[in-house]
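Please read the following account alongside the sequence and the coordinates, moving from the chains as wholes to individual packing contacts.

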Amino acid sequence: MTNPYENLPSSAFWKLAVAQKSMFDIEGIWNPKFRIEPDQKVVTFGSCFAQHIGRALNDRGFSWISTENAPAALSKANATRFNYDVFSSRTGNIYTTSLLHQWTQWALGKTGCPEEVWEQDGRFYDPFRPVIEPNGFSSAEEMKLSRDVAIGAFKKCIETADYFVFTLGLTESWKNKAGYEYPMCPGTAAGAFNAAEHIYENQDYISIINGLHASIKLMLELNNNIKFILTVSPVPLTATCSGNHVVVATMESKSILRAVAGQAAKSLDNVDYFPSYELINSPTSKGIFFEPNQRSVNHYGVDFVMDQFFTCLAQKYGGLPTKSLSPNIAEINEKKSDADVVCEEELLNAFGGGK
Amino acid sequence: MQEITTNPAKSVCIIGNSYVGAVYKAYENHKSEYPDFKIHFYTAAGRDFPLLDIVDNAVVNVKFSNRKEYDNINSYDAYFIYGDMLSPHGVIQLERELTRSAYSKQVIGCTVTDDISSSCTLKIYNKLIKITQAPVYLMSHNILQQTKLYLNNEQYFKALNTLEKILGDNIYHAFPEELFDNTFVPKDIYYSGSVGIDGRSASQVAGHDRYHMNEQGGRLILDSILRKVMAN
């Protein structure tokens, strides 16, 4: 009498695939759907962790592109400070699928960008990119012009990319009663909170997957060949407004996002899921990939995740570059430490985190 | 020309790029008129200029000099870094970029400051002031003229003013009014047949470009430099 487990590969069994191995010897964690060629254009957006993917792609000789470039004479440190080359255009963090849908609608001209501007001490802040410029903009017009450039650059990313990598970050969101969404709660990084106008929503599975599907559908209108690679940020929440303990809120949030990403990859041929979340967060890693604050992912974790990304690609398709090819790119990356990762959500620490 | 004398003789070091050519030619052809000065030139033109550096008390990556040894660079009575100070090239590039994209005033301001801060002139200046007590002056090339032609950028002038505040008297504007017409374009007699400098010698590589000076223009600048030395 046989049973369905008898002929399964060792990767299907915890004992063989995990317990009897060093965590660094775990293999075949990802079965990539797509052969990503070095000359194919990849864009990255989403939560903080997406920044690592863009860098790693550059580091390995892949064609990560940015469509919104800093002036050539701006130093790399200042370019990062002004959020150039952090994501493929200067959108700032796109934490939720509904924010992704909002940006995509703006890019395709399906809806206009709201007129809201946050003013504080004579400086002007973009409600949809509140920390994109240190100290804000000099005028509302300058802010809007800058956002128009970012929207145009985001559109160009969709039009030209072969792969759109998106890292799902949060389920908790803040919206205006008029229907649009902010990436951060007003009054944290900038702006002022108004309970009559600003609405908290902890999005559920249905609304998140709908937001993702709607975004993908719109992007395909612009570029029918674009493919999507989803990841879930392994970084825990900085703060929660859900009423739950932040640990419980984090696990719930990440579980929902993971389920959404998995379902999208299962149901859509042009969507894949890369398990960076599992590599960092599963029991196999024993938490060693986190900094002492148990939130930020250390560079060993980032390296481990990205090594798995490229190793799995090479194992399936072969012939892929594995290490830095360009001295210039290597130099750029050498200067970028984990401290350079731009994570707006961490600003929430200023509101209660230090108590 | 006004006779400039000093006793004992003063040694002057001029480090720079192709713009030094006119000054060098003026000095070489009229050396006898400056018996109380000994001037050494250390130059690298164009894209070689950023490679000029001070290492272990010596100038390195020199492409042309009227001295055979490049060491003991700390032994002069005065230093002039002449040619690329506050290089406008990055800002000219920024002007072009602004026609294609929009940048905030903050980004423009930081770009200009970054461009200036990364200039070879400031690199050499910062090294020289660590190894000598003698005055070190920064001299731009004919920046007013280039600025007039290509730039209309208040941020650039704001950055220049900031730098002047930081460096104070160490910035020396060596161009006498006599050099220019009323639109900051050099008068024809000072740029016609203008002189640059290449890897071998001062030569007429510049020709007629209106940025470099000819020997006559170089002599006005040389006199201006030596007056500054005398004033100390």
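What follows takes up the two chains, then their nonpolar cores, then one buried proline, and lastly two helix pairs.

The model is a predicted one, and every value below should be read with that in mind. Chain A contains ten helices and ten strands, while chain B contains eight helices and nine strands. Of the 355 residues in chain A, 52% are buried; of the 232 residues in chain B, buried residues account for 56%. If one takes the contacts in chain A between residues at least 6 apart in sequence, 73% of them join residues at least 24 apart, and for chain B, with contacts chosen by that separation of at least 6, the share joining residues at least 24 apart is 73%.

The interior can be approached through its cores. The largest nonpolar core has 48 residues, and those with the most contacts inside it are F45(A), I94(A), F154(A), F164(A), F166(A), L168(A) and L230(A). Two or more residues each are given to this core by the strands β1 (41–46), β5 (163–168), β9 (227–232) and β10 (271–273) of chain A, and also by the helices α4 (97–108), α5 (140–160), α6 (205–222) and α7 (246–267) of chain A. The element that gives the most to this core is α7(A), with six residues. One of the residues with the most contacts inside the core, F154(A), shows what such a position looks like in detail: leaving out residues up to four places away in sequence, F154(A) touches F45(A), T67(A), S89(A), T91(A), I94(A), L100(A), W103(A), T104(A), A107(A) and F164(A). Apart from this core lies another, of 35 residues, which includes I15(B), I73(B), I81(B) and C110(B).

A loop of chain A offers a further buried position. P275(A) lies between β10 and α8 (276–281) of chain A. Why does P275(A) count as buried? Its relative accessible area is 6%, and the cut-off for a buried residue is under 20%. Once its neighbours within four places in sequence are set aside, P275(A) is in contact with I29(A) and W30(A). P275(A) is also 41 residues from P234(A) in sequence, with their C-alpha atoms 9.6 Å apart in space.

Two helix pairs, one in each chain, complete the tour. In chain A, helix α2 (residues 50–59) packs with helix α9 (residues 299–317) at an angle of about 60 degrees, their axes being 10 Å apart, which makes α2(A) oblique to α9(A). The crossing of α2(A) and α9(A) is right-handed. On the α2(A) side the contact is made by H52(A), I53(A), A56(A) and L57(A), and on the α9(A) side by V302(A), M306(A), F309(A) and F310(A); these residues divide into seven nonpolar, one polar and no charged.

In chain B, helix α1 (residues 20–29) and helix α8 (residues 215–231) pack at an angle of about 85 degrees, with axes 7 Å apart, and α1(B) and α8(B) are therefore roughly perpendicular to each other. Here A22(B), V23(B), K25(B), A26(B), Y27(B) and N29(B) of α1(B) meet E215(B), G218(B), R219(B), I221(B), L222(B) and I225(B) of α8(B). The residues of the contact between α1(B) and α8(B) comprise seven nonpolar, two polar and three charged.

Conventions
Residues numbered from 1 in each chain as written. Chains lettered and ligands numbered in written order. Predicted model: local features only at pLDDT ≥ 70, side-chain atom pairs only at ≥ 80, totals over all residues. Heavy atoms only, no water. Axes fitted to C-alpha atoms, helices over the stretch in contact; angles between N-to-C directions. Helix = DSSP H or I, 4+ residues; strand = E, 2+ residues; numbered from the N terminus. Parallel < 35°, antiparallel > 145°, perpendicular 65-115°, else oblique. Left-handed = near helix turned anticlockwise from the far one by under 90°. Contact = heavy atoms within 4.5 Å. Nonpolar A, V, L, I, M, F, W, Y, C, P; charged D, E, K, R; others polar. Core = buried A, V, L, I, M, F, W, Y, C linked by side-chain atoms within 4.5 Å. Buried < 20%, exposed > 50% of the residue type's maximum accessible area, 1.4 Å probe, protein only.
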